[in-house]
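This report covers a ligand site and some local backbone features of one protein. The sequence and structure are shown first.

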Amino acid sequence: MGILNLLLVSPAAIPERCGGDGLIGEDMGLSYRMIVLGGDGIGPEVTAEAVRVMDWFGEHRGLDITARHELYGAAAYRAHGAVIGEAVMADLREVDAVLFGATGGPDYDEIPLEIRRRDSLLRIRKHMAVFANLRPVIGYDELADTVSMKAEAISGVNMMIVRELNGGIYFGQPRGVTVSANGLERGVNTLVYETPEIERIARFAFDLTKQRGGHLHSIDKSNVLECHQLWRRIVTRIGAEEYPAVSLTHMIVDNCAMQIIRDPKQFDVVLADNMFGDILSDLAGAISGSLGMLPSASLSLPDDSGRRRALYEPVHGSAPDIAGQGIANPLGAILSFGLALELSFNSPGEAEMLRQAVHGALAAGVRTPDIMAGGGTAASTAEMTDAVLAELQRLHDA
Ligand code: IPM
Ligand code: MG
């Protein structure tokens with residue numbers, strides 16, 4: 001069924017749901033807590049729309065989620081001199097899910113560098129230990145006229161990028177810019193992975209692949225980088241020893257970039273390190289018509305009760321050029337909430353319903369400017385959500 005076909009929470013951790021009336025939460029008294037960090041630029045605009053969708057599920061499907069809004073980024077710095085409050089930071093590890101909008105932009109850049117470095121989104125990802133970043137990429141037939149790729153190339157694309165999120169060149173030491181005695185500047189970042197980090201993300205990707213199409217592509221630059229020779233060796237070993245039924249293909253990153261555009265349907269699950277996963281997921285955005293369409297979920301290992309910490313973010317950035325105009329595409333944020341329905345709120349049926357509602361809104365021709373190239377009815381951020389809510393209502397009443 002879903003995009004994920006994935007039971008990420010161990011079944012033992014989930015009390016059995018009462019069947020019958022189609023309502024969730026209610027009878028069991030299941031309730032969930034979510035922190036919403038709107039962040040910079042269009043972040044608060046799009047997370048607000050995801051919360052409207054959450055409220056719809058609360059009202060019509062008995063889903064009990066309490067959303068607590070907290071400041072992040074330039075707004076937080078103006079309010080209390082930090083990118084995120086320490087108490088909020090601590091709570092991110094305790095709640096069932098965190099919904100994050102966006103970071104960066106001119107206001108954010110005004111914050112002193114040491115403070116940005118200390119408190120950034122990267123620190124949140126590390127602090128929550130969400131090492132596995134899932135970025136589903138779907139080909140939307142409804143957007144065939146908008147997408148720059150051929151309709152037959154994107155039709156039926158259902159690919160999952162698994163990006164390692166807690167290591168690699170984003171975090172490696174040494175890093176920084178130094179000035180040597182002769183006055184020359186030297187910039188350094190370090191690509192480093194240790195065996196357990198590779199094993200952990202490889203197992204995650206293999207588990208996921210087993211539950212999907214059974215085909216894993218592992219991406220590296222092992223023709224040049226020793227670190228990626230290790231990556232390839234370990235992924236190969238984990239596959240052979242623990243997942244003999246999964247078919248594994250190694251692909252060099254530059255070739256992968258070309259293959260994603262040439263024939264994206266060849267991919268089921270794509271495993272990449274932190275930086276390559278970042279780049280390839282933006283590239284794959286071309287398949288979905290706009291970066292504004294892409295959701296993501298980042299997960300930790302399960303704790304003793306089977307619960308994973310989870311951070312949900314649309315893949316697009318803060319888009320300062322359109323912030324405050326009410327024209328940002330909310331679907332990346334709404335679909336990120338959809339991933340939360342499946343992965344954190346024990347509601348895969350509702351997640352599927354939400355994906356269908358997004359297809360329905362697009363089929364009705366409702367378009368924010370970023371997906372307007374093929375025509376349609378121009379919609380604001382809120383109107384796009386209205387269209388999704390109308391579709392949800394229709395599916396609910398049917
Ligand atoms: C992403 C973004 C971030 C990243 C930036 C904003 C730090 O590009 O989530 O893809 O590079 O991870
Ligand atoms: Mg990125």
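In this predicted model, P174 is part of the loop that lies between β5 (158–164) and β6. The peptide bond leading from Q173 into P174 is cis, and its omega is near 0°. Most peptide bonds are trans.

Strand β6 covers residues 176–179 and runs antiparallel to β7, residues 185–188, with four bridges joining the two. Within this pairing, V179 stands opposite E185 of β7. The two strands form a hairpin, and five residues separate them. One of the turn residues, G183, has a positive phi of about 85°.

A positive phi also occurs at A129, a residue other than glycine, where the value is near 55°. Most residues other than glycine have a negative phi. A129 belongs to the loop between α6 (121–127) and β4 (132–138).

**The site of ligand 1**

Which residues are around ligand 1? They are T103, R125, R135, R163, Y170 and D278. Sorted by class, this shell has four charged residues, one polar residue and one nonpolar residue. Tyr counts as nonpolar in this scheme, so Y170 is the nonpolar member of the shell. The space that ligand 1 takes up is the largest pocket.

For three of the residues, a side-chain N or O atom is paired with an oxygen atom of ligand 1, as listed here.

| Residue | Partner | Distance |
|---|---|---|
| R125, polar side-chain atom | oxygen atom of ligand 1 | 2.7 Å |
| Y170, side-chain N or O atom | oxygen atom of ligand 1 | 2.5 Å |
| D278, side-chain N or O atom | oxygen atom of ligand 1 | 2.8 Å |

Taken alone, ligand 1 exposes 320 Å², and the protein buries 71% of that area. Y170 therefore appears both as the nonpolar member of the shell by class and as a residue with a polar side-chain atom 2.5 Å from an oxygen atom of the ligand.

Key: Residues numbered from 1 in each chain as written. Chains lettered and ligands numbered in written order. Predicted model: local features only at pLDDT ≥ 70, side-chain atom pairs only at ≥ 80, totals over all residues. Heavy atoms only, no water. Pairing = 2+ DSSP bridges. Near = heavy atom within 4 Å. Polar contact = N/O pair within 3.5 Å; in protein donor to acceptor, adjacent residues only side chain to side chain. Areas by Shrake-Rupley, 256 points an atom, 1.4 Å probe, with all protein chains shown as cover. 1 Å grid on protein atoms, 1.4 Å probe; cavity = no way out; pocket = protein on both sides within 12 Å on 5 of 7 lines; lining within 4 Å. Sits in = over half its atoms within 2 Å of the grid points.
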